[in-house]
Number of protein chains: 2
Amino acid sequence: MSEPFELASVNVSVTPEEKFQEFLATKGMRLTHERSLIVEEVFADHSHFDAEELVERLKKRNVSRATVYRTLNCLEEAGLLRKVARTNDRDVYEHDYGYPQHDHLICGKCGSLTEFHSESLSELLGSVANSHGFLMEGHRLEVYGTCSDCAKPPKRQFRKLDMI
Amino acid sequence: MSEPFELASVNVSVTPEEKFQEFLATKGMRLTHERSLIVEEVFADHSHFDAEELVERLKKRNVSRATVYRTLNCLEEAGLLRKVARTNDRDVYEHDYGYPQHDHLICGKCGSLTEFHSESLSELLGSVANSHGFLMEGHRLEVYGTCSDCAKPPKRQFRKLDMI
DNA sequence: TTCGATGCAAACACTTTGCAAATCC
DNA sequence: GGATTTGCAAAGTGTTTGCATCGAA
């Protein structure tokens with residue numbers, strides 16, 4: 001039962017929906033049935049997704065595309081979601097609540113995102129920002145390349161680019 | 001006359017236009033007058049820009065929007081340009097030739113990009129990728145926050161959020 | 001019972017594409 | 001002279017918005 005990350009530093013006793021509720025309250029906004037469904041769908045598992053995927057999943061639950069987009073923006077502003085990357089011209093979202101800071105290795109072949117966390121990285125960025133008098137609030141790091149699965153060819157096949 | 005970066009490791013004896021020419025040749029493509037104008041405009045100075053800005057600048061030279069977009073993609077593929085960030089829903093380009101690897105501090109207030117380079121960062125990413133069996137080909141790092149200019153308030157003004 | 005929220009469709013911003021005419025080699 | 005490239009405008013994306021209706025507090 002080992003967790004991929006330590007969750008100790010984050011208060012997880014408040015559910016995402018409750019946290020959203022709090023946020024909405026401060027804005028004089030309401031936690032409607034639709035917004036509730038969206039939060040439920042978004043936090044059903046910890047996977048990366050884009051708006052269109054979510055629209056598709058919520059269509060079955062009779063939530064409109066407009067509402068999904070509107071709510072995604074709210075969830076981002078509320079600190080429950082964040083954009084991590086861009087794939088196929090779409091923003092990719094992931095949970096930004098109850099889950100620690102990390103970055104991604106992005107495979108150019110299969111498009112998979114692999115998460116990693118490095119304390120040294122945070123320290124490094126802190127000192128870089130500091131030396132520029134820059135007040136760091138966050139960062140986004142995408143490492144491009146080929147993931148281990150795609151790197152090992154399944155079996156010997158045709159060469160794509162043989163020298164003539 | 002100090003340069004911001006060492007250019008020693010890059011062969012700058014070949015101009016961007018020549019390098020583009022080479023690339024086009026390998027693709028059976030031609031270095032037309034329009035493409036030439038675009039390269040000239042792009043490499044006139046070392047500043048960040050987006051497609052729309054370039055379209056605007058080249059309109060005066062009678063190059064169409066479509067050609068600018070098409071050529072930007074070519075220049076990226078040729079390794080002469082790369083996308084560095086996204087601002088206002090637009091991709092921001094910068095030179096990727098005759099200029100060393102670096103990353104950016106992005107100011108959320110004024111939108112300015114400040115370049116920095118860290119060798120330790122490259123090493124760190126290399127070892128992270130390595131430990132995941134990931135073949136790193138490049139990365140993109142954006143550090144968000146407030147730049148030194150925007151951080152120091154011009155003069156004491158109203159507090160935006162006074163406690164009541 | 002009052003605002004805020006929803007769904008719909010139209011509007012948007014950025015980018016790509018089909019096609020005939022122009023251009024390059 | 002034949003293939004590539006251009007400009008134009010139309011089509012495509014992903015996302016936002018105006019508005020009448022609906023619904024939560």
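This passage describes how two protein chains are arranged in a predicted model and how they meet DNA strand C.

Two copies of a chain are related by a rotation about an axis and a shift along it. Here, a turn of 180 degrees with a shift of 0.0 Å along the axis lays chain A on chain B with an RMSD of 0.1 Å. This is the relation of a two-fold axis. Within chain A, Leu141(A) has the C-alpha nearest the axis, at 2.2 Å from it. Of the interface residues of chain A, 100% are also interface residues in chain B, so the copies meet through the same surface.

Both chains contribute to the surface near DNA strand C. At least two residues each are supplied by α2 (33-42) and α4 (65-77) of chain A, and by α4 (65-77) and β3 (90-95) of chain B. The most is given by α4(B), with five residues. By residue class, this surface divides into ten charged, six polar and six nonpolar residues.

Among the 22 residues around DNA strand C, those that come nearest are Arg35(A), Ser64(A) and Thr67(A), together with Tyr69(B) and Arg90(B). Three of these residues can be described through their side chains. In chain A, an N or O atom in the side chain of Ser64(A) is 2.7 Å from a phosphate oxygen of the strand, and for Thr67(A) the corresponding distance to a phosphate oxygen is 2.6 Å. In chain B, a polar side-chain atom of Arg90(B) lies 2.5 Å from a phosphate oxygen of DNA strand C. Of the strand atoms within 4 Å of the protein, 73% belong to sugar or phosphate, and the rest belong to bases.

Notes. Residues numbered from 1 in each chain as written. Chains lettered and ligands numbered in written order. Predicted model: local features only at pLDDT ≥ 70, side-chain atom pairs only at ≥ 80, totals over all residues. Heavy atoms only, no water. Near = heavy atom within 4 Å. Polar contact = N/O pair within 3.5 Å; in protein donor to acceptor, adjacent residues only side chain to side chain. Helix = DSSP H or I, 4+ residues; strand = E, 2+ residues; numbered from the N terminus. Nonpolar A, V, L, I, M, F, W, Y, C, P; charged D, E, K, R; others polar. Least-squares fit on C-alpha atoms with pLDDT ≥ 70 in both. Contact = heavy atoms within 4.5 Å.
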